[in-house]
Amino acid sequence: MSLQVDYRIYSLPKGLAPDQGSPAWLSKGDNAWQLTATTFVGLQSVPGLVILYGSMVKKKWAVNSAFMALYAFAVALLCWVLWAHRMSFGNYNSPLVGKPMNSLQDGFLLGQMDASHHLPMADYVFYEFAFAAITVILLAGSLLGRMNFYAWMMFVPLWLTLSYSVGAFTIWGSGFFQRKIIDYAGGYVIHLSSGVAGFTAAYWVGPRHSHDRQHFPPNNIIQTLGGAGFLWLGWTGFNGGSPFGAGLITSLAIINTHICTATSLLVWLAIDMIVYKKSSVIGAVQGMITGLVCITPGAGLVDPWAAVLMGMMSGSIPWYTMMVLHRKSAFFQSVDDTLGVFHTHAVAGLLGGLLSGLFARPSLLNLMYPSENYGPGLLHSEGQFHRGLRQMGYQILGAMFITAWNAAVTSFICLFISRIVNLRMDEEDLEVGDDAVHGEEAYALWGDGETMPKPRRLRIPPICRRLVSTPS
């Protein structure tokens, strides 16, 4: 005989019971976590990438590089709420992109996200904005040290509208790859996109000043580590916020993220020490980034042992493409990718997407996507190998589409802007740097091209000298 309990006799503690400001569908725990995760992602850009870019470049480009990131973050928010969110995630009968509509109505923002998530739509809009903003800021890493700031001001809204929104809609929204590609938190939509678009834009903008390209030392490696720290810890929200709830997948995604990142950093560092006989701090930061990027498309969908393997490959394969292949290839040498975004994001993002198609566990896919029919990872496709093979095929097709779309649309945007303003700064401005572009410099120190003023001497009037020298 089972005991039946009528839970209606128990009253919820004050503050937990539904009311006008907290409807029955709202989970306060999920809501609190989602807002926290979004803040983590925002901190990756501001101040994370602002500090990272401002310190990884030559001293004369510190202000310009940091400001490119800050400007993009602000403009991306307005574009996102005015039209880009609905283009990326709206319910619209189109295979490629949604209808541009604003997301500012109270009825829209305060309504439930969907039947399976107990969050207000405002959380969804803000979280996806943080993803969109960091994508275009990552892209900027390929263009530091020479892009005309006025061209950059035009580039950001155009690229978010014509390129990012299409990638997000086709894979995450209602587009033709819906429920086909495993991309947990943006290996393709964010990292492959930013890497390919950045490399393409770098081609059209042109190279840095010849002196800068030959000698471009970081101006503050300690601050570089600080910016990298914001990026690493911020990825807790990046991958931990993608389930839109504080559940089991969230916990697994976070621990997998840090396991893969630590492994990748150590592998990159070890290769540097073997090949160059020195432990490079900048190399360790690059290895950290490739680990973060590689785990992103499968963070909550693979086992921890798979995260270790992904870290080993993300610390070695992008190292090879950046440190060996890039230097030997005339094609790579012809394009000045300032911070190597193609290798740290496009190569690592593609690698992560393919490895997710290999390692994704069916039980975890069902937890994350209970009503969707993704194929299992190829290594977990016992008895259904054809479905695993088909899923890997979708992963390859998705990568091909994102690559082709970003290369074509970014080229179109750059050619369009070049008809209005120059994409590249003048040679005179390239020689001077921040002071020529913004009238400001990062470090107000003497000896940086400035003339030390002559010290003023105290002039004693002749009559005073005579009085002083008169014997008593």
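# Pockets, a cavity and the core of a mostly helical model

Phe244 is buried, with just 9% relative accessible area. This residue also has a positive phi of about 55°, even though it isn't a glycine, and it sits in the loop between helix 8 (221–240) and helix 9. Keep in mind that this is a predicted model. The chain has 19 helices and two strands, and here's a quick tour of its empty spaces, its cores and a handful of residues worth a look.

**The chain as a whole**

- The chain runs to 472 residues, and 53% of them count as buried.
- Lined up along the principal axes, the C-alpha atoms fill a box of roughly 120 × 60 × 45 Å.
- The chain exposes about 22,000 Å², with carbon and sulfur atoms supplying 65% of that area.
- Take the contacts with a separation of 6 or more: 77% of them are between residues 24 or more positions apart.

**The largest pocket**

- The largest pocket has a volume of about 1,200 Å³.
- This pocket is lined by 44 residues, and the closest to its centre are Met113, Asp114, His117, Tyr124 and Glu372.
- Both strands chip in here: strand 1 (112–114) and strand 2 (117–120) each supply at least two lining residues, and so do helix 2 (62–89), helix 4 (121–140), helix 9 (248–276) and helix 15 (362–368).
- Helix 4 provides the largest share of the lining, five residues.
- Sorted by class, the lining of the largest pocket comes out at 22 nonpolar, 14 polar and eight charged residues.

**The second largest pocket**

- About 860 Å³ of space lies in the second largest pocket.
- Its lining has 28 residues, with Gln286, Met322, Met323, Arg327 and Thr338 the closest to the centre.
- Helix 7 (210–214), helix 9, helix 10 (281–295) and helix 12 (317–328) each put at least two residues into the lining of this second pocket.
- Helix 12 has the largest share there, with four residues.
- The class split for the second largest pocket is eleven nonpolar, ten polar and seven charged.

**The enclosed cavity**

- Rolling a probe the size of a water molecule over the atoms shows where empty space is left.
- The structure holds one cavity of 30 Å³ or more, and the largest cavity encloses about 110 Å³ of space.
- Thirteen residues line the largest cavity, and Tyr53, Ile289, Leu339, Thr344 and His345 lie nearest its centre.
- Helix 1 (28–56), helix 10 and helix 14 (341–359) are the elements giving two or more residues to this lining.
- Helix 1 gives the most, with four residues.
- There are no charged residues in the lining of the largest cavity, which has nine nonpolar and four polar ones.

**Nonpolar cores**

- In soluble globular proteins, nonpolar side chains tend to be buried together.
- The largest nonpolar core here has 120 residues, and the ones with the most contacts inside it are Tyr53, Trp152, Phe155, Trp159, Tyr164 and Tyr184.
- Helix 4 gives the most to this core, with 15 residues.
- There's also a second, separate core of six residues, including Ile271, Trp319, Met323 and Val324.
- Two residues turn up twice in this tour: Tyr53 is also among those nearest the centre of the largest cavity, and Met323 is among the closest to the centre of the second largest pocket.

**Residues to click on**

- Gln44, in helix 1, is buried, with a relative accessible area of 0%.
- Setting aside neighbours within four places in sequence, Gln44 is in contact with Leu49, Ile134, Phe230, Leu231, Gly234, Trp235 and Phe238.
- The peptide bond from Val46 to Pro47 is cis, with omega near 15°, and Pro47 lies in helix 1.
- Val267 belongs to helix 9, and its C-alpha atom is separated by 6.6 Å from that of Ser316, 49 residues apart along the chain.
- Not counting residues up to four places away in sequence, Val267 touches Met312, Gly315 and Ser316.
- Arg179 isn't a glycine either, yet has a positive phi of about 60°; look for it in the loop between helix 5 (149–171) and helix 6 (187–205).
- Arg179 counts as partly exposed, at 42% relative accessibility, whereas Phe244 is buried.

Methods: Residues are numbered from 1 along each chain as its sequence is written. This is a predicted model: local features need pLDDT of at least 70, side-chain atom pairs count only at pLDDT 80 or more; totals for chains, interfaces and linings use all residues. Side-chain values use heavy atoms; hydrogens and water are left out. On a 1 Å grid over the protein atoms alone, a cavity is a set of points where a 1.4 Å probe fits but cannot get out, and a pocket is an open set with protein on both sides within 12 Å along at least five of seven lines; lining residues have an atom within 4 Å of a point. Grid points are joined across faces, edges and corners, and a volume is the space filled by probe spheres set on the points. Ala, Val, Leu, Ile, Met, Phe, Trp, Tyr, Cys and Pro count as nonpolar, Asp, Glu, Lys and Arg as charged, and the others, Gly among them, as polar. A nonpolar core is a set of buried Ala, Val, Leu, Ile, Met, Phe, Trp, Tyr and Cys residues joined through side-chain atoms within 4.5 Å. Buried means under 20% relative accessible area, exposed over 50%, partly exposed in between (1.4 Å probe, protein chains only). Contact means heavy atoms within 4.5 Å. Accessible areas come from the Shrake-Rupley method with a 1.4 Å probe; for residues, only the protein chains shown count as cover.
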